[in-house]
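Me: Hi! I'm new to this one and would like a friendly walk through it. Could you put it up on the screen?

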Amino acid sequence: MILKDKIEQQLPEWRERVRKLVRENGDVKVGDVTIAQVYGGMRSVKSLVTDISYVDPVEGIRFRGHTIPEILKLLPKPDGAAMPYVGGLYYLFLVGSAPTAQQAQEVETEWKKRGKVPQYVFDVINSLPPDAHPMTLFTLAVLTLQRESLFSKKYHAGIQKDQYWEPMLEDSMNLVAKLPEIAAYIYRLKYKNGDIIPSDPDLDWGANFAHMMGVPDPLYKDLSRLYFLLHSDHESGNVSAHTTHLVASSLSDIYYAASAGLSGLAGPLHGLANQECLNWLLSVKEECADCAYDKEALRQFAWDTLNSGQVIPGYGHAVLRKTDPRYTAQLEFGKKYFPEDEIFKLAALVYEVVPDVLREQGKAKDPWPNVDAISGSLQYHFGVKEFDFYTVIFGVSRILGVSANAVWARALGQPIERPKSLTTAMLEEIAQKAKA
Ligand code: AMX
């Protein structure tokens, strides 16, 4: 397989680079940790490593060194498409350099070979009560596939440590290949009377998802490719990425680890924010007719939300301090193809109003929109209005990033994670000593 060969070629050099860094500089300090950080969700504590993506607080995400606009130009696209092959992005994540069109297609072909979802996964999905959240169905489907894990089988058969990454890559490819069909199945089961649309082997991974969702507008194929690209990876400290990494660090396979990450993504401060965001936009539309064109009315509505003790979903970020470039890419997509769409226009107007409101309130460190502030309005435009489902689409995408990271973590022999905890009394003592 092309990805395996390309990683294998780089491994001796990478392993020596890491060994040398730790051997010769293991005692060099990377930073200090304050009591505020210990009690404050470890915000900004530098304690993770990934070479796949990096979030600059001002510039936003870079994938393997490339900004989002660069990536959209760099990666090969299917004939006639405006957005790249997702297989090309996965190649970039795993190999470190951009693929040729042929290399991106090879990844797509591998996914097609591995895409068949076993019936028992659908049986598990079907057995859940109708009001189960789509994220519960999706997470469970990924976990159910665990019995397929090659890593698990090989580990128990006694594989060598320096080969762990190989079945991890196989598992990751097998899992990613099946995600569009699982997600679309959940959508059609829950919202379209179980009228399932079979996969189309002639389509690329992103377009096939769009096809199986049953969205008639061909532009949804490009939106799907764009969406999967933008939500895939955001360095290692966010909840879904860190959870996946933590669980995998115990040598759990990717099915266990990714399903744990998805459970984290389901939280309202993380992936669920995109559904909360659309919900908020719809409440603006319903409760404030003037807000569609009157900035002052919209400003007041935003203040009412804050004064009622709620956050404005889609705004703010733990790391970013500027408009998220993933937001900008989606805004540009909407502006190009459907600038007059009602909800999209409202989302764009909110961008002109909410940052000032948050600045005035003075609490949020980042008053700018994040990736979630607009993604729901684009789905809504294409008729995907069931916003409970939005985090599943995010999850499909996020597994690209976390699985690529898991392969490399295993290839470089990253150990089990085990930070140290202290008691409050110990922290008080440390504080007292620091003052003395
Ligand atoms: N609206 C209102 N208040 C906000 C806010 C927002 N959009 N963003 C931050 N604040 C508040 C926080 O609630 C906090 O208040 P507190 O002191 O009373 O607890 C204060 O500002 C400081 O928070 P912060 O340091 O700026 O943010 P954080 O790192 O603690 O949290 C985040 C980051 C994203 C959870 C937060 O900005 C938020 O809740 N945003 C809205 C939800 C959202 O959009 N989540 C999606 C994030 C992206 C993703 O993972 N998908």
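Reply: Happy to. One idea to begin with: axes are lines fitted to C-alpha atoms, for helices over the stretch in contact, and angles run from 0 to 180 degrees between N-to-C directions. Also keep in mind that this is a predicted model.

Me: Okay, at what angle do H12 and H19 pack?
Reply: Helix H12 (residues 239-248) and helix H19 (residues 390-411) pack at about 35°, and their axes are 10 Å apart. The crossing of H12 past H19 is right-handed.

Me: Which residues make that contact?
Reply: From H12 there are Ser-240, Ala-241, Thr-244, His-245 and Ala-248, and from H19 there are Arg-398, Val-402, Ala-409 and Arg-410. Sorted by class, the contact of H12 with H19 has four nonpolar, three polar and two charged residues.

Me: Switching helices: how do H17 and H18 pack?
Reply: H17 covers residues 342-361 and H18 covers residues 372-381; their angle is about 170°, with the axes 8 Å apart. So H17 is roughly antiparallel to H18.

Me: Why does that count as antiparallel?
Reply: Because angles over 145 degrees count as roughly antiparallel. H17 passes H18 in a left-handed crossing, by the way.

Me: And which residues meet there?
Reply: Ile-343, Phe-344 and Ala-347 of H17 meet Ala-373, Ile-374, Ser-377, Leu-378 and Tyr-380 of H18. By class, that contact of H17 with H18 has seven nonpolar residues, one polar residue and no charged ones.

Me: What about H9 and H10, parallel or antiparallel?
Reply: Helix H9 (residues 165-191) packs with helix H10 (residues 205-213) at an angle of about 15°, their axes 9 Å apart. They are therefore roughly parallel to each other. H9 passes H10 in a right-handed crossing.

Me: Which residues of H10 does H9 meet?
Reply: Trp-205, Phe-209, Met-212 and Met-213 are the ones in H10, and among their partners in H9 are Val-176, Leu-179, Glu-181 and Arg-188. The contact of H9 with H10 has 11 nonpolar, no polar and two charged residues by class.

Me: New topic, the ligand. How many residues surround it?
Reply: There are 20, and the closest are His-270, Gly-314, Tyr-315, Lys-365 and Asp-372.

Me: What does the side chain of His-270 have 2.7 Å from the ligand?
Reply: An N or O atom, and its partner is an oxygen atom of the ligand. For Tyr-315, a backbone N or O atom lies 2.7 Å from a nitrogen atom of the ligand.

Me: And where does Asn-370 come in?
Reply: A polar side-chain atom of Asn-370 is 3.0 Å from an oxygen atom of the ligand.

Terms used
Residues are numbered from 1 along each chain as its sequence is written. This is a predicted model: local features need pLDDT of at least 70, side-chain atom pairs count only at pLDDT 80 or more; totals for chains, interfaces and linings use all residues. Side-chain values use heavy atoms; hydrogens and water are left out. Helices (H or I, at least four residues) and strands (E, at least two) are DSSP runs, numbered from the N terminus. Angles under 35 degrees count as roughly parallel, over 145 as roughly antiparallel, 65 to 115 as roughly perpendicular and the rest as oblique. A crossing is left-handed if the near helix is turned anticlockwise from the far one by less than a right angle, and right-handed if clockwise. Contact means heavy atoms within 4.5 Å. Ala, Val, Leu, Ile, Met, Phe, Trp, Tyr, Cys and Pro count as nonpolar, Asp, Glu, Lys and Arg as charged, and the others, Gly among them, as polar. A residue is near a molecule or strand if one of its heavy atoms lies within 4 Å of it. A polar contact is a pair of N or O atoms within 3.5 Å; within protein, one must be able to donate a hydrogen and the other to accept it, and residues adjacent in sequence count only if both atoms are side-chain atoms.
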